[in-house]
Amino acid sequence: MSVTSNKPTIHQGHNVKRFREMLGLKQEALAIQLGNDWSQKRVSLLEGKEKIEEDILAQVAVILKVPVDAIKNFDEDKVVNIISNTFNDTAMLN
């Protein structure tokens, strides 16, 4: 019998992409700021990773000007649910 966790998995790579896009930063620009070992393709691969190494996560967080915990814990589904539950038809009319 397998035990499954009710805690949703946070995809850190997707969160990096979300924050990067909110800042209007292209993958190439993030790669340049990360240093010579980085390319647009490597940033793309990073954004595909569910879990990112702590040292890289820290570098990305500094560049994106967000706390590391924001990347680790941001759950887009929860945000969408909060927004949809907060703004209903009557709230929009007022």
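**Helix α4 and its surroundings**

In this predicted model, the buried residues of helix α4 pack against four other elements, namely α1 (12-22), α2 (27-34), α3 (40-47) and α5 (68-73). Helix α4 itself covers residues 54-64, and the buried residues within this stretch are I56, L57, V60, A61, I63 and L64. Viewed along the axis of α4, these buried residues fall within an arc of 160°, and they therefore line one face of the helix. The background to such a pattern is that an α-helix has 3.6 residues a turn, so residues three or four places apart point the same way. On the face of α4 that is turned away from its buried side, the exposed residues are D55 and V62, where exposed stands for a relative accessible area over 50% and buried for one under 20%. After the end of α4 comes K65, a residue with a positive phi, near 60°.

Around this helix, the protein chain as a whole is built from seven helices and has zero strands, so that, in the notation of DSSP runs numbered from the N terminus, the order of its elements reads α-α-α-α-α-α-α. Of the 94 residues in the protein chain, 29% are buried. Among the contacts in the protein chain with a separation of 6 or more, 62% are accounted for by residues 24 or more positions apart. As for the surface, the protein chain exposes about 6,900 Å², and carbon and sulfur atoms supply 54% of that area.

Note on methods:
Residues numbered from 1 in each chain as written. Predicted model: local features only at pLDDT ≥ 70, side-chain atom pairs only at ≥ 80, totals over all residues. Heavy atoms only, no water. Helix = DSSP H or I, 4+ residues; strand = E, 2+ residues; numbered from the N terminus. Buried < 20%, exposed > 50% of the residue type's maximum accessible area, 1.4 Å probe, protein only. Contact = heavy atoms within 4.5 Å. Areas by Shrake-Rupley, 256 points an atom, 1.4 Å probe, with all protein chains shown as cover. Arc of directions from axis to C-beta.
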